[in-house]
Amino acid sequence: MSLFENTISQMRQAASIMKLDPNVETILSTPHRILEVSVPVTMDNGSIRIFTGFRVQHNNARGPYKGGIRFHPEVDMEEVKALAIWMTMKCSVVGIPLGGGKGGVIVDSHTLSALELERLTRSYIRAIAPAIGPTKDVPAPDMYTTPQIMAWAADEFSKIHGENVLGVVTGKPLEVGGSAGRGDSTSQGGIYVLEEVCKTYNLPHEGTKVVVQGFGNAGANVAKMLHDNGFKVVGVSDSRGGIYCENGINPDATHSCKLDKGSVVECSGIGGENCKVITNEELLELECDILFLSAMENQVTAANADRIKARFIVELANGPVTPEADVVLEKKGVLVVPDILANAGGVTVSYFELVQNEANFYWTDEEVQERLKKIMVDSWNNVADLAKKYNCTLRQAAFIAALKRLEAAIKLRGYN
Ligand code: NAD
């Protein structure tokens with residue numbers, strides 16, 4: 001199954017449990033608009049290279065399309081379509097008035113100079129400019145896109161329109177219309193949900209062993225927050241492999257080391273003899289209580305699900321557990337906190353950023369955290385209640401929560 005087919009299959013399971021209007025299911029099974037654009041870039045040596053970019057606008061019944069931009073060599077249309085539908089569901093689960101979209105450029109950004117990356121970003125924004133804007137479609141960062149890239153994107157769009165339109169993208173630096181708390185909001189939202197999981201399942205912080213796959217924006221921040229909250233982070237990984245430290249890892253020191261040496265696999269030394277380098281496959285199968293998946297899609301599959309030892313999985317990445325793996329994990333009694341709930345903190349603070357840009361009035365970090373926490377806790381309670389009501393998994397319940405709101409909006413606005 002393609003990633004898009006996976007998301008459709010997740011939606012259909014929930015639709016059948018809650019008896020969703022079949023017309024609404026039909027509408028949500030196809031994106032509204034798919035753009036494929038050519039992105040010409042003048043390279044530093046004077047030659048022109050053409051990159052391929054995408055923007056998928058899945059559904060805007062509840063508000064403007066919203067979703068990140070991924071710069072990655074393996075980006076493809078099926079992936080972007082899947083990520084766009086998850087965004088529609090995610091915004092709806094947490095009840096923010098936005099729809100779903102996603103974008104991407106096929107590029108290994110590590111091979112570009114800073115100037116080439118800036119030209120690529122500006123060229124991509126020019127290519128999709130007619131389709132985006134604060135009331136139309138609002139991109140944001142995703143894998144290998146950063147606040148700096150969002151600053152270039154907002155600047156390019158503003159130049160095209162001859163006025164400041166900072167709300168065209170979110171995830172910007174604070175100095176140019178960013179929101180307090182946006183940088184680590186995905187991880188913080190996941191932590192607020194985890195706190196509720198801990199209360200519900202009597203899971204203490206002290207002594208609870210956690211493994212974090214992916215040590216980028218979402219993963220490195222969550223590892224630090226877990227450590228600061230008393231959890232014992234025993235394993236972390238990035239695209240080159242992982243490290244396991246029996247006595248626990250210091251995420252701050254590991255992060256500094258990764259910045260310096262390029263990968264966490266070069267950082268086992270900072271934990272002394274208790275640390276060893278492991279493969280990504282081994283990391284997923286480590287003995288632990290909670291596994292945070294913060295890298296990419298399709299990481300826990302039918303091939304390795306029965307070897308997962310964690311009792312809880314929190315999906316900070318989008319789509320890291322396949323539908324086939326979900327079935328195996330459910331049988332094993334592993335509780336999966338689904339992506340469309342667990343990682344919704346990022347888009348929630350993106351929504352706050354949009355609101356602040358519109359008002360040109362900025363909130364304190366305390367105000368952001370208070371609002372974010374309320375939304376994440378309320379959303380967890382709603383999803384947990386629906387899981388009980390329908391006797392279904394948390395993923396199915398999260399989709400049900402999303403589909404109920406989407407069904408109401410689509411019916412009120414009309415089908416045609
Ligand atoms: P990022 O580019 O900052 O980090 C990705 C990390 O994953 C890097 O450390 C990379 O080395 C690592 N990685 C890649 N392939 C891996 C593999 N096979 N095994 C282990 N590690 C691997 O990206 P990010 O923003 O942290 O996003 C990570 C995931 O979280 C993505 O699925 C993204 O869609 C999702 N997400 C991010 C946000 C956000 O606000 N950043 C919001 C919602 C969801």
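Let's start at the ligand: a polar side-chain atom of R70 sits 3.0 Å from one of the ligand's oxygen atoms. Keep in mind that this is a predicted model. Two other residues reach ligand oxygen through their backbones, and here is how the three contacts line up.

| Residue | Atom of the residue | Distance to a ligand oxygen atom |
|---|---|---|
| R70 | polar side-chain atom | 3.0 Å |
| S239 | polar backbone atom | 2.9 Å |
| A295 | backbone N or O atom | 3.3 Å |

How much of the ligand does the protein bury? On its own, the ligand would expose 820 Å², and the protein buries 90% of that. Two elements each put two or more residues into the surrounding shell: α7 (217-228) and β7 (232-238).

Now for the shell itself. There are 25 residues around the ligand, and the ones that come nearest are D142, T186, N217, A218 and N318. Sorted by character, the shell holds 8 nonpolar, 12 polar and 5 charged residues.

So where does the ligand lie relative to the two domains? Domain 1 (3-176) and domain 2 (185-342) both supply residues to the shell, which means the ligand lies between them.

Away from the ligand, have a look at a pair of strands. β1 (residues 33-42) and β2 (residues 48-59) run antiparallel and are joined by 10 bridges. One of the pairings links T42 with I48 of β2. The two strands make a hairpin, with 5 residues between them. In that turn you'll find G46, whose phi is positive, at about 95°.

How values were computed:
Residues are numbered from 1 along each chain as its sequence is written. This is a predicted model: local features need pLDDT of at least 70, side-chain atom pairs count only at pLDDT 80 or more; totals for chains, interfaces and linings use all residues. Side-chain values use heavy atoms; hydrogens and water are left out. Two strands pair if DSSP finds at least two bridges between them. Helices (H or I, at least four residues) and strands (E, at least two) are DSSP runs, numbered from the N terminus. A residue is near a molecule or strand if one of its heavy atoms lies within 4 Å of it. A polar contact is a pair of N or O atoms within 3.5 Å; within protein, one must be able to donate a hydrogen and the other to accept it, and residues adjacent in sequence count only if both atoms are side-chain atoms. Accessible areas come from the Shrake-Rupley method with a 1.4 Å probe; for residues, only the protein chains shown count as cover. Ala, Val, Leu, Ile, Met, Phe, Trp, Tyr, Cys and Pro count as nonpolar, Asp, Glu, Lys and Arg as charged, and the others, Gly among them, as polar. Domain bounds come from an automatic or database domain assignment.
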